[in-house]
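Let's take a walk through a model together, one piece at a time. Keep the 3D view open and turn it as you read.

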Protein chains: 2
Amino acid sequence: MSVEFLWGGRARPTRGPKPALTLEGIADAGIAVADAEGLAAVSMQRVATDLGYTKMSLYRYLPGKAELVAVMVERAVGEPPELSASGWRAALEEWSRLLFGRYLAHPWTIEATVGRRPLGPYEMGWMEVALARIETLPLSGAERLDTIAVLAGHGRMLAQQAAARLGEAEMSTAIAAVLREHGERFPQLTAALAGAARGGGDQAFEYGLARLLDGVEALVTSRS
Amino acid sequence: MSVEFLWGGRARPTRGPKPALTLEGIADAGIAVADAEGLAAVSMQRVATDLGYTKMSLYRYLPGKAELVAVMVERAVGEPPELSASGWRAALEEWSRLLFGRYLAHPWTIEATVGRRPLGPYEMGWMEVALARIETLPLSGAERLDTIAVLAGHGRMLAQQAAARLGEAEMSTAIAAVLREHGERFPQLTAALAGAARGGGDQAFEYGLARLLDGVEALVTSRS
DNA sequence: CCCAAACTGTGTCCATGGGAATCAGTTATT
DNA sequence: AATAACTGATTCCCATGGACACAGTTTGGG
């Protein structure tokens, strides 16, 4: 993945035939495939076919598949929001919930953003928005970064878990099926799950969010 | 991925030639490749070549690549630990640090465990160990599960981030390079990073861990 | 004791993946 | 009008995961 591709403006050349496609259109076609059938179904061939063109045409618009996925992620995450809540805690809550919502809407973004990779402008914009709301707190720069990183990670984690739970009947991921057979080896898990059948990923997200912000608040007040 | 493969005991048949390989040996070869060159370098061909056999031999031991990765993850995560710390908070800290260490030792496990998939016995064992230490807290089953899920997710998140920071010179991921050029668009990020150049992933991990446990402790004491 | 059943690793084959190189056609500039 | 620059399409290559049939090896039942 080249950083320049995500950040540098691509100047449209003047000569030659008009391009039949656009980078945005290609990315949207990829997003449609990923939303419907998962990230694994996104191949150059598939995206090109959906657009009615050949696979190699796409390489006129992007250097390779890694860049396609990067652009897809940028568009799926979308422009950073304007936070309406007032107060740092309410703002961070709003920010976390919005980000969580984006992840839920496009669950494949999570697996697309594991490992080392350059961040896009939108992704950085999200960080910037959150940092602006905790600027004046008695936290160091590293602590401010860590705070929003942990919040974002929490949202990713839970969105992934929530997206995996499709069949509803199954309690959590595929744990339940195994526990029916080997439950006696995991009494704690069995007990915890028995009282947890109700409630979905949103509840787990809110629980962790509240715990995290409580922790941050405790630190902040201890320094005031 | 078949759940039976991870959980069902594979009975060694009596007839025919002695198998030249073992499932464990194959998995270890895969782990060696993944540790050295990343998960992407792990292919049936590569693992078989390293073992001195042909690709198709491996399919006598496992149904497919998904199962190979699953066994690799199980062995890399390893047996659940016995926690020596006393008290629920110290125990959760120890547990989180141990898990974080496993992730750091084999960073590829993180990308290998995104999305829906069955958990292995070891992975469930880790959960069981942690749950046993918070059994008597005034928390519901769902809350206990959420607590350790958030802790585990935090460790995963930070291990991934720490593993990406190899060059040391670069501050955080690949953010710094971009900020040198577009820094004016992200004043908050620039400011936060300026004071955060020191300290690595361990520090961020400890920060989030402390915040999370503070939040849990606040909830627990509020109910006592 | 022997032979067939059951199992082993190997070689061949196929579909799909990402990507390079090349080519004929199209368009704005000179 | 000629040319440089660009377009999409065609053909090719290599690596991947996996199906399948094959020949060799071990062991249990007659």
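Which helix of chain B gives the most to the surface near DNA strand D? It's helix 3, residues 44–51, which puts three residues there. Before going on, keep in mind that this is a predicted model.

**Around the DNA**

Let's stay with DNA strand D for a moment. It is surrounded by 24 residues, and the closest are A:Pro13, A:Gly16, A:Met56, B:Ser43 and B:Gly64. Now look at DNA strand C, which also has 24 residues around it; here the closest are A:Ser43, A:Gly64, B:Pro13, B:Gly16 and B:Met56. For DNA strand C, the top contributor is helix 3 (residues 44–51) of chain A, again with three residues. Here are the two surfaces, sorted by class:

| Surface | Nonpolar | Polar | Charged |
|---|---|---|---|
| near DNA strand C | 10 residues | eight residues | six residues |
| near DNA strand D | 10 residues | eight residues | six residues |

**Two chains, one axis**

How do you get from chain A to chain B? Turn chain A by 180°, with 0.0 Å of shift along the axis, and it lands on chain B with an RMSD of 0.1 Å. That's the relation of a two-fold axis. To find the axis in chain A, look for A:Gly215: its C-alpha is the nearest one, 2.2 Å from the axis. Both copies use the same surface, too, since 100% of the contact residues of chain A recur in chain B.

So what does that contact look like? Chain A brings 56 residues to it and chain B brings 56 residues. On the chain A side, the elements giving two or more residues include helix 1 (3–7), helix 7 (121–133), helix 9 (175–182) and helix 11 (201–223). Helix 8 of chain A has the largest share of that side, with 13 residues. Sorted by class, the side of chain A that touches chain B holds 33 nonpolar, 14 polar and nine charged residues.

**Inside chain A**

Now zoom in on chain A by itself. Its domain assignment gives domain 1 (23–77) and domain 2 (88–167 + 202–223). The C-alpha centres of these two domains lie 27 Å apart. Where they touch, domain 1 supplies 10 residues and domain 2 supplies 11 residues. On the domain 1 side, the elements giving two or more residues are helix 2 and helix 4 of chain A. Of these, helix 4 gives the most, with six residues. That domain 1 side divides into seven nonpolar, one polar and two charged residues.

Helix 2 (residues 23–37) and helix 4 (residues 65–77) of chain A also pack against each other. How are they arranged? Their axes are 9 Å apart and meet at an angle of about 80°, so helix 2 and helix 4 of chain A are roughly perpendicular to each other. To see who meets whom, pick out the helix 2 residues, among them A:Leu23, A:Ile26, A:Ala27 and A:Ile31, and then the helix 4 residues, including A:Leu68, A:Val71, A:Met72 and A:Arg75. This helix contact divides into nine nonpolar, one polar and two charged residues.

Methods. Residues are numbered from 1 along each chain as its sequence is written. Chains are lettered from A and ligands numbered from 1 in the order in which they are written. This is a predicted model: local features need pLDDT of at least 70, side-chain atom pairs count only at pLDDT 80 or more; totals for chains, interfaces and linings use all residues. A residue is near a molecule or strand if its C-beta atom, placed from the backbone, lies within 6 Å of it. Ala, Val, Leu, Ile, Met, Phe, Trp, Tyr, Cys and Pro count as nonpolar, Asp, Glu, Lys and Arg as charged, and the others, Gly among them, as polar. Copies are superposed by least squares on the C-alpha atoms of residues with pLDDT of at least 70 in both. Two residues are in contact if their C-beta atoms, placed from the backbone, lie within 7 Å. Axes are lines fitted to C-alpha atoms, for helices over the stretch in contact, and angles run from 0 to 180 degrees between N-to-C directions. Angles under 35 degrees count as roughly parallel, over 145 as roughly antiparallel, 65 to 115 as roughly perpendicular and the rest as oblique. Domain bounds come from an automatic or database domain assignment.
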